[in-house]
Amino acid sequence: RPRRNRKTEGMRSLVRENSVGPQNLVYPLFVHTKDYNEDIESMPGCERHSVDSVMKEVKFAHSLGVNQFILFPKIPEELKSNTADECYNPDGLVPQVVSRLKHSFPGISVWTDVALDPYSDQGHDGIVSSDNRGDAGKGRILNDETIEQLCRQSVCHARAGSDVLGPSDMMDGRVGAIRDALDAEGFTDVSICSYTAKYASAFYGPFRDALDSAPRESSNAPQNKKTYQMDPANSRESLVEAANDVLEGADMLMVKPGMPYLDIIRLLKDNTDLPIAAYHVSGEYAMLKAAAMNGWLDEKAAVLEALLCFKRSGADAILSYYSRQAAIWMNE
């Protein structure tokens, strides 16, 4: 009778297999160059923060036990280009924020996104070719040329004080190139959490609203990211990506999105010895928030269950826009 182990809360807690706490959370923060915050309509409760607001938000979340923070910048349009050169500007938005955070909160870990799309006037994670030899007669995403920019961006972030780099671009071979670039500059302690299994998902829409980073319809660029992000129909392919990232020197492997891809989290957990991160993405957040706002779900119960499911499936770290609120609930 399995119910004997469920008969009281004391018994249930005794045999509970998994738990999740603030120490497992990575808090994504959107930051822009303006001196005030802006609401993100498709992500109620989330904002594009001013730099000063980021400092306050980190201080509060850190007081609740959240120790990991990842930055996503909204870059002014006039600074964007196809080659995304602003991504390695040492005086740019991300290096400034990283430097201030590490000075004010030396006990936290600051993660930074490594990809070109926030800085691209094409809305892609890589440089777009000028020809029409790509998918559907559009330009191609240039792999090796993009990696050169990602290496410059990575070293720039490391110099500013970034603790963990998150290459989210899905270019082939970028983890090894970034590792070599970091080591050559003496940044041997900077970690790489590779977006190993990043799928070409429909669940990213609100994030792209927040950063204005969707592919541009008016450009020569492909209208989606399917030539470099993974096909949602595939699972075994994630093992190929994981094997490459392990060999190239990744310290952690990420699966994105999260809830619809719990099987991939478990697959990687069972086939690698590296820690696994899961990204509870903007579309997942928006669905939970909309249901809660309409009274269709108990928000606290549903969110904490979702985070626990990530842990149960094998995730060690969980990137979630609910990190702040979840930490409050966890501390009650």
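Which residues lie nearest the centre of the largest pocket? That was my opening entry, and I kept in mind that I was looking at a predicted model.

**Entry 1: the largest pocket**

I found Tyr27, Gly45, Cys46, Glu57 and Arg324 nearest the centre, among 19 residues that line this pocket. Its volume comes to about 280 Å³. Next I looked up which elements give two or more residues to the lining, and I noted strand E1 (25-32), strand E3 (47-49), helix H2 (51-63), helix H9 (282-293) and helix H11 (323-330). E1 provides the largest share, with 4 residues. Sorted by class, I have 9 nonpolar, 5 polar and 5 charged residues in the lining of the largest pocket.

**Entry 2: the cavities**

Then I turned to enclosed space. Rolling a probe the size of a water molecule over the atoms shows where empty space is left. How many cavities of 30 Å³ or more are there? I wrote down 2 cavities.

The largest cavity holds about 100 Å³ of space. I listed its lining as Phe72, Asp113, Asp117, Ser168, Tyr195, Lys198, Tyr204, Phe207, Arg208, Lys225, Gln229 and Lys256. Strand E9 (191-198) and helix H6 (205-211) each give at least two residues to that lining. My tally by class for the largest cavity reads 6 charged, 4 nonpolar and 2 polar residues.

The second largest cavity holds about 50 Å³. Around this second cavity I found Pro73, Ile75, Glu86, Cys87, Asn89, Gly92, Leu93, Val94, Pro95, Tyr119 and His157. Which helix gives the most to this lining? I traced it to helix H3 (residues 93-104), with 3 residues. Here the classes are 7 nonpolar, 3 polar and 1 charged.

**Entry 3: a salt bridge across the chain**

I met Lys198 again, this time as a partner of Asp125: their side chains form a salt bridge, at 3.8 Å from N to O. What parts of the chain does this pair link? Asp125 sits in the loop between strand E5 (109-114) and strand E6 (127-128), while Lys198 belongs to strand E9, and I noted that these distant parts are 73 residues apart. In the whole structure I have 22 salt bridges on record.

**Entry 4: two helices side by side**

Two packed helices are described by the angle between their axes and the distance between the axes. For helix H8 (residues 262-271) and helix H10 (residues 299-313), I noted an angle of about 30° and axes 8 Å apart. Angles under 35 degrees count as roughly parallel, so H8 and H10 are roughly parallel to each other. On the H8 side, Leu262, Ile265, Arg266 and Lys269 make the contact, and H10 brings Cys309, Phe310, Arg312 and Ser313. I sorted the residues of this contact into 4 nonpolar, 1 polar and 3 charged.

**Entry 5: two backbone details**

Lys256, which I had already listed in the lining of the largest cavity, turned up once more. Is the peptide bond from Lys256 to Pro257 cis or trans? I found it to be cis, with omega near 0°. Pro257 lies in the loop between strand E10 (252-256) and H8.

My last look was at Ala84. Its phi is positive, about 55°, although Ala84 is not a glycine. I placed Ala84 in the loop between strand E4 (68-74) and H3. That H3 is the helix I had noted for giving the most to the lining of the second largest cavity.

Note on methods. Residues are numbered from 1 along each chain as its sequence is written. This is a predicted model: local features need pLDDT of at least 70, side-chain atom pairs count only at pLDDT 80 or more; totals for chains, interfaces and linings use all residues. Side-chain values use heavy atoms; hydrogens and water are left out. On a 1 Å grid over the protein atoms alone, a cavity is a set of points where a 1.4 Å probe fits but cannot get out, and a pocket is an open set with protein on both sides within 12 Å along at least five of seven lines; lining residues have an atom within 4 Å of a point. Grid points are joined across faces, edges and corners, and a volume is the space filled by probe spheres set on the points. Ala, Val, Leu, Ile, Met, Phe, Trp, Tyr, Cys and Pro count as nonpolar, Asp, Glu, Lys and Arg as charged, and the others, Gly among them, as polar. Axes are lines fitted to C-alpha atoms, for helices over the stretch in contact, and angles run from 0 to 180 degrees between N-to-C directions. Angles under 35 degrees count as roughly parallel, over 145 as roughly antiparallel, 65 to 115 as roughly perpendicular and the rest as oblique. Contact means heavy atoms within 4.5 Å. A salt bridge is a side-chain nitrogen of Lys or Arg within 4 Å of a carboxyl oxygen of Asp or Glu.
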